[in-house]
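Thanks for coming. I will walk through one chain today, from its overall layout to its core. Please have the sequence and the structure open while I talk.

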Amino acid sequence: KQQMNIFNLSLLSFAFGTFLIGLLVFLRRQDVVGRKWFLFSITASIWGFFEALWMNNLWDRNTSLVWMRMCHVGAIFIPSAWLDFIHCFLDLKARKQRVLYAAYIFAFMLAPLQLSDLFLRPPRAYKYFFNYYATAGPLYHIFTLLFFVCVIYGFIETIREFQLTTGARREQIKYLIWGTGIGFFGGSLTF
């Protein structure tokens, strides 16, 4: 059987690339914005790395499930880390902090529950590019909703700031929108 495939190869590239970019930002910009971006990069890297592992055809059913659950440790915190970065980068006021706190509360509540079959049901055999694929449990749908609400909200706030800003800051926000927009579009295809 083929052990490496285009899916896990691209996810490994994503995971390492995202981590390295996050690390470079952190080392270059050692302020709270740099730390928040690095945190966001780490969550995305964890998701990408473990997603790549479970798509490798080396594993049996139980090991695949372990890798699937591990990738969701990172995935569950992507929306809250994204909002945390956006709130810091855009310097959103305290009234908007409630949204961020709610996102973290939901993430911390879902994180231990993702170990149960209510989040991911045991994987079944899959006949195409990888051996096993899990079925979503009822809590996975809550996670999916949380993910898209947080990501879209973050983009709404970022686009709003883009419309009000001029000069170099506007260019910076434009590239942030394009870069993260492409990344989130690609990641959303895994749902």
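**One chain, outside to inside**

Of the 191 residues in this chain, 45% count as buried. Keep in mind that this is a predicted model.

Start with the layout. The chain has six helices and two strands. Going along the sequence, the order is α-α-α-α-β-β-α-α, so to speak a list you can tick off on the screen.

Next, the dimensions. The C-alpha trace spans about 55 × 30 × 25 Å along its principal axes. Why does a radius of gyration of 17 Å agree with a compact globule? Because a compact globule of 191 residues would have a value near 16 Å.

Now the contacts. Take those with a separation of 6 or more: 68% of them join residues 24 or more positions apart.

On the outside, the chain exposes about 10700 Å², and carbon and sulfur atoms supply 69% of that area. As for charges, there are 18 positive and 9 negative ones, and their mean positions lie 3 Å apart.

Now the inside. In soluble globular proteins, nonpolar side chains tend to be buried together. Here, the largest nonpolar core has 49 residues, and Trp82, Phe143 and Phe184 have the most contacts inside it. The elements that give two or more residues to this core are helices H2 (32-54), H3 (61-90), H4 (97-113), H5 (138-164) and H6 (167-188). Which of them gives the most? That is H3, with 15 residues.

Last, zoom in on Phe184. Apart from its neighbours within four places in sequence, Phe184 is in contact with Phe40, Ile78, Trp82, Phe147, Val151 and Phe155.

Conventions. Residues are numbered from 1 along each chain as its sequence is written. This is a predicted model: local features need pLDDT of at least 70, side-chain atom pairs count only at pLDDT 80 or more; totals for chains, interfaces and linings use all residues. Side-chain values use heavy atoms; hydrogens and water are left out. Helices (H or I, at least four residues) and strands (E, at least two) are DSSP runs, numbered from the N terminus. The radius of gyration is taken over C-alpha atoms; the globule rule is 2.2 Å times the number of residues to the power 0.38. Buried means under 20% relative accessible area, exposed over 50%, partly exposed in between (1.4 Å probe, protein chains only). Contact means heavy atoms within 4.5 Å. Accessible areas come from the Shrake-Rupley method with a 1.4 Å probe; for residues, only the protein chains shown count as cover. Lys and Arg count as positive and Asp and Glu as negative; His and the chain ends are not counted. The place of a charge is taken as NZ of Lys, CZ of Arg, CG of Asp or CD of Glu. A nonpolar core is a set of buried Ala, Val, Leu, Ile, Met, Phe, Trp, Tyr and Cys residues joined through side-chain atoms within 4.5 Å.
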